[in-house]
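Student: I would like a close look at a single part of this model, namely its pockets. Please take me through what lines them, and then through the residues and the packing that surround them.

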Amino acid sequence: MSTCDIKIWRTWALAITHEAGAYTEQKFNAEKTGGEPVIPSPNLDTDLVMACDRLADVLIKAYKNPIKIQIDIARYSKLISPKNTGHNEEKEEKLLERCPPGHEGTKVVDKPATIIDVSGTIIAWYLLDALTETTQKEIRAATDLLGPSLEKSVKADGNWRYNQEWFKQGSENVGSTPGCINLSPAWFQQGHENLSDPEVSASLKGPSSKNILKAIARPAAIASAALRVMHPQQYFAGLRALSHLGDKAVSKELPQMPETLQYWASVFNSLSIISNQETPNH
């Protein structure tokens with residue numbers, strides 16, 4: 001896939017993510033085809049290389065362990081529209097008749113696997129134990145850093161995403177702060193009809209934003225590297241979008257966005273953190 005139209009500044013954290021993704025993809029392909037060993041870029045630190053190695057190993061195990069179900073995902077997707085909210089029982093029953101689950105009973109999956117349909121299309125990847133202990137510790141540390149923002153997000157009323165009745169308060173010094181926040185270098189401000197340009201999300205406008213972005217950099221790189229193997233088209237679409245966003249942020253002098261993009265390490269343009277929440281059926 002051509003990347004000649006994608007410009008990633010060398011000073012961006014995303015540049016390291018891109019190299020980590022390339023290394024993971026090359027290692028995955030080498031394992032799949034029996035190719036030569038892959039040498040990581042010298043720009044990747046030891047912990048990130050080890051994290052990519054673990055990820056590539058789990059990805060190849062999942063790829064070699066396909067679980068086939070008797071459905072045609074392309075046909076099913078055409079039958080389902082945004083109007084199928086899941087709340088109309090009559091419609092759900094009719095939809096279930098036209099789109100049966102494709103399997104009987106329950107199957108316990110206790111190792112990495114892919115779920116494929118009758119055409120061999122991969123519907124889902126199950127990547128058990130894909131994160132190193134170091135990456136897991138970094139995620140926990142980043143969540144602790146986001147504690148104040150998570151705490152402020154919980155409301156006494158409002159929709160289920162922020163309503164306090166759905167959040168579980170852990171015991172003292174145990175578990176993460178309950179809450180639900182969004183991090184994004186370019187958040188679309190819903191409800192502001194006259195606002196033509198996206199803004200940096202509120203959770204990244206405070207004095208701790210740089211530290212937060214640095215704390216989530218490696219986990220963001222790992223998630224992006226996984227996407228590069230599982231869905232390369234989406235990976236490069238995200239990379240291209242952020243590249244264009246960087247140009248616009250500078251040319252239009254969008255507040256805080258160039259600085260935020262410098263430390264944003266994910267090919268996804270937003271990240272939702274949901275902590276200690278019981279999610280209702282929806």
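Tutor: What follows takes the pockets in turn, then the nonpolar cores, and then a few single residues elsewhere in the chain.

The model is a predicted one, and every value below is computed from it. The largest pocket has a volume of about 580 Å³. It is lined by 23 residues, of which Ile181, Asn182, Ser201, Ala202 and Ser203 are the closest to its centre. Three elements each give two or more residues to this lining, namely helix H6 (147-153), strand S4 (179-183) and helix H7 (209-215), and the largest share, four residues, is that of H6. Sorted by class, the lining of the largest pocket holds 11 nonpolar residues, 10 polar ones and two charged ones.

Among the residues closest to the centre of the largest pocket is Asn182, which deserves a separate description. Asn182 belongs to strand S4, and because its relative accessible area is 18%, under the 20% limit, Asn182 counts as buried. Its side chain makes a polar contact of 2.7 Å with the side chain of Ser272. Once neighbours within four places in sequence are set aside, the residues in contact with Asn182 are Tyr162, Trp187, Ser201, Ser203, Leu271 and Ser272. Two of the names in that contact list, Ser201 and Ser203, also appear among the residues closest to the centre of the largest pocket, while Leu271, again a contact of Asn182, leads on to the next pocket, where Leu271 is one of the residues nearest the centre.

That second largest pocket has a volume of about 480 Å³. Its lining consists of 20 residues, and those nearest its centre are Ile139, Ile216, Pro219, Ala220 and Leu271. Helix H5 (133-145), helix H8 (217-230) and strand S5 (271-275) are the elements that give two or more residues to this lining, with H8 giving the most, five residues. By class, the lining of the second largest pocket comprises 16 nonpolar and four polar residues, with no charged residues, whereas the lining of the largest pocket includes two charged residues.

Helix H5, which contributes to the lining of the second largest pocket, also contains Glu138. With a relative accessible area of 19%, Glu138 falls under the 20% limit and is therefore classed as buried. The side chains of Glu138 and Arg218 are joined by a polar contact of 2.6 Å. Leaving out residues up to four places away in sequence, Glu138 touches Ala215, Arg218 and Pro219, and Pro219 is itself one of the residues nearest the centre of the second largest pocket.

From the pockets we can turn to the nonpolar packing. The largest nonpolar core has 29 residues, and within it Leu183, Leu239 and Met257 touch the most other members. The elements that give two or more residues to this core are H1, S4, H7, helix H9 (232-251) and helix H10 (257-263), and the most, six residues, come from H9. Strand S4 and helix H7 thus have a part both in this core and in the lining of the largest pocket. With residues up to four places away in sequence left out, Leu239 touches Ile6, Ile8, Leu14, His18 and Val267. A second, separate core of 20 residues includes Ala20, Phe28, Cys52 and Ala221.

Helix H1 (residues 13-33), which gives residues to the largest core, also holds Lys32. Lys32 is partly exposed because its relative accessibility of 36% lies between the limits of 20% and 50%. Beyond residues up to four places away in sequence, Lys32 touches Ile60 and Tyr63. The C-alpha atoms of Lys32 and Asn43, 11 residues apart along the chain, are separated by 25 Å.

Two loop residues complete the account, and in both the backbone angle is the point to check. Asp129, in the loop between strand S3 (122-126) and H5, has a phi near 60°, which is a positive value in a residue other than glycine. Asp129 counts as exposed because its relative accessibility of 53% is over 50%. Gln256, placed in the loop between H9 and H10, likewise is not a glycine and has a positive phi of about 65°. At a relative accessible area of 34%, Gln256 is partly exposed.

Key
Residues numbered from 1 in each chain as written. Predicted model: local features only at pLDDT ≥ 70, side-chain atom pairs only at ≥ 80, totals over all residues. Heavy atoms only, no water. 1 Å grid on protein atoms, 1.4 Å probe; cavity = no way out; pocket = protein on both sides within 12 Å on 5 of 7 lines; lining within 4 Å. Points joined across faces, edges and corners; volume = space filled by probe spheres on them. Nonpolar A, V, L, I, M, F, W, Y, C, P; charged D, E, K, R; others polar. Buried < 20%, exposed > 50% of the residue type's maximum accessible area, 1.4 Å probe, protein only. Contact = heavy atoms within 4.5 Å. Polar contact = N/O pair within 3.5 Å; in protein donor to acceptor, adjacent residues only side chain to side chain. Core = buried A, V, L, I, M, F, W, Y, C linked by side-chain atoms within 4.5 Å.
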